[in-house]
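Subject: Handing over a structure, with notes

Dear colleague,

I am passing the structure below on to you, and since you are new to it, I have set out after it what was found. Please have it open while you read.

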Amino acid sequence: FSKIFSHEALESYLPKIQLVIKDTLRAWSSNPESINVYHEAQKLTFRMAIRVLLGFRIPDEELSRLFEVYQQFVENVFSLPMDLPFSGYRRGIRARETLQKGLEKAIQEKLQNTQGKDYADALDILIESGKEHGKELTMQELKDGTLELIFAAYATTASASTSLIMQLLKHPRVLEKLREELRSKGILHNGCICEGSLRLDNISSLHYLDCVIKEVLRLFTPISGGYRTVLQTFELDGFQIPKGWSVMYSIRDTHDTAPVFKDVDVFDPDRFGQGRSEDKDGRFHYLPFGGGVRTCLGKHLAKLFLKALAIELASTSRFELATRTFPNITLVPVVHPVDGLKVKFFGLDSNQNEILTGTDAMLGATV
């Protein structure tokens, strides 16, 4: 799987990620009503996994149906393993079976139709990597691999995307500072993203954008922690932890209690700036993607997606909270707003002016 997230692979994914995000924001802006950001972000990350990572050419209607089945699978993935009629476990198993049938059909069509390919997607890389190691992947292995990639790209990225939008709404100065950085780097000009300006090296040079994404992941880490198996008996604060035990480390508690972070409850991207670099003082104070040799393989792809989303939000969208107050946050199964975050998006023309549509456009013309 490591080749799927190499620098070369990310470079080839980037234009496709941009296209999916642009199409999504255009759809959000054309909706006359407010949208549920968390639900729509789930759709966005699912579409990104299907279209970009896996390269499946599934029609929109079938993609929507597959998304509904996938949601049923995810909702029941942590059910008690009791295979009884109407149980969550049974619903989850059935959803997985339906998913795998749809994935098998998409994989077969992909293997048969290689015309018009302009980049190597994650599934292509996975298949070729298997051949390089003298192993032809079976259809079951391909289905399992694709389902794992979708699962890895889905909930956590949707959570972080929602948190990003919420923080940009709460902190308009941060959004404006992002725009200033994009202008200074020649990426944003006259309200438009300059053609060909969004390359991997250009995005990597956006230091303030990097600070914003880091701060979103510090304050709103999508998952609470991870599990490890003890390889050697050790002692921690006077307690002996035996070899072979399973232990859980808490990402959120680590971020909340790490002494390197000042004013831990404050959203402050500048804490990661060159003058402060609060994440550099110690190896395991900041670990949104885990740590050690089993750190998340997809962390660079996740950060690239969030950065591409932030750039599009800062460049081509205006959005505002559709409720009086910001919603409360729940931590399970991943961090997300209780009501999903209701936001109204507006399209912008090339001069950063709001585009009026329908009745509003007629009224605007009259005025």
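To begin with a pair of helices, the axes of α3 and helix α4, which covers residues 88–112, come within 8 Å and cross at roughly 145 degrees, and the crossing of α3 and α4 is left-handed. Please keep in mind throughout that this is a predicted model. On the α3 side the residues that meet α4 are Glu62, Arg65, Leu66, Val69, Tyr70, Gln72 and Phe73, and their counterparts in α4 are Arg91, Gly92, Ala95, Arg96, Thr98, Leu99, Gly102 and Lys105. Sorted by character, the residues of this contact of α3 with α4 are six nonpolar, four polar and five charged.

Helix α3 also packs with α2, and here the two axes come within 11 Å and cross at roughly 115 degrees. Because angles of 65 to 115 degrees count as roughly perpendicular, α2 is described as roughly perpendicular to α3. The crossing of α2 and α3 is right-handed. From α2 the contact takes in His39, Gln42, Lys43, Phe46, Arg47, Ile50 and Arg51, while α3 brings Asp60, Leu63, Leu66, Phe67, Tyr70 and Gln71. These residues of the contact of α2 with α3 divide into six nonpolar, three polar and four charged. Two residues of α3, Leu66 and Tyr70, are thus listed in the contact with α2 and also in the contact with α4.

A third pair is α6 and α11, which pack at an angle of about 35 degrees with their axes 10 Å apart, and α6 passes α11 in a right-handed crossing. The contact is formed by Thr157, Ala160, Ser161, Leu164, Ile165 and Leu168 of α6, together with Phe305, Leu306, Leu309, Ala310 and Leu313 of α11. Nine of the residues in this contact of α6 with α11 are nonpolar and two are polar, with no charged residue in the list.

Several of these helices return when one turns to the empty space in the model. The largest pocket has a volume of about 1,700 Å³, and of the 50 residues that line it, Phe151, Ala152, Thr156, Ile223 and Cys296 are the closest to its centre. The elements that give two or more residues to this lining are α2 (37–53), α3 (60–75), α6 (139–170), β4 (225–229), β7 (246–250) and α11 (299–316), and the largest share, 10 residues, comes from α6. In character, the lining of the largest pocket is made up of 35 nonpolar, 11 polar and four charged residues.

Finally, two details of the backbone deserve a look. A cis peptide bond, with omega about -10 degrees, joins Val332 and Pro333, and Pro333 is found in the loop between β9 (329–330) and β10 (336–337). The other detail is at Asp263, which has a positive phi of about 50 degrees although it is not a glycine, and which lies in the loop between α10 (251–257) and α11.

With best wishes

Key: Residues numbered from 1 in each chain as written. Predicted model: local features only at pLDDT ≥ 70, side-chain atom pairs only at ≥ 80, totals over all residues. Heavy atoms only, no water. 1 Å grid on protein atoms, 1.4 Å probe; cavity = no way out; pocket = protein on both sides within 12 Å on 5 of 7 lines; lining within 4 Å. Points joined across faces, edges and corners; volume = space filled by probe spheres on them. Helix = DSSP H or I, 4+ residues; strand = E, 2+ residues; numbered from the N terminus. Nonpolar A, V, L, I, M, F, W, Y, C, P; charged D, E, K, R; others polar. Axes fitted to C-alpha atoms, helices over the stretch in contact; angles between N-to-C directions. Parallel < 35°, antiparallel > 145°, perpendicular 65-115°, else oblique. Left-handed = near helix turned anticlockwise from the far one by under 90°. Contact = heavy atoms within 4.5 Å.
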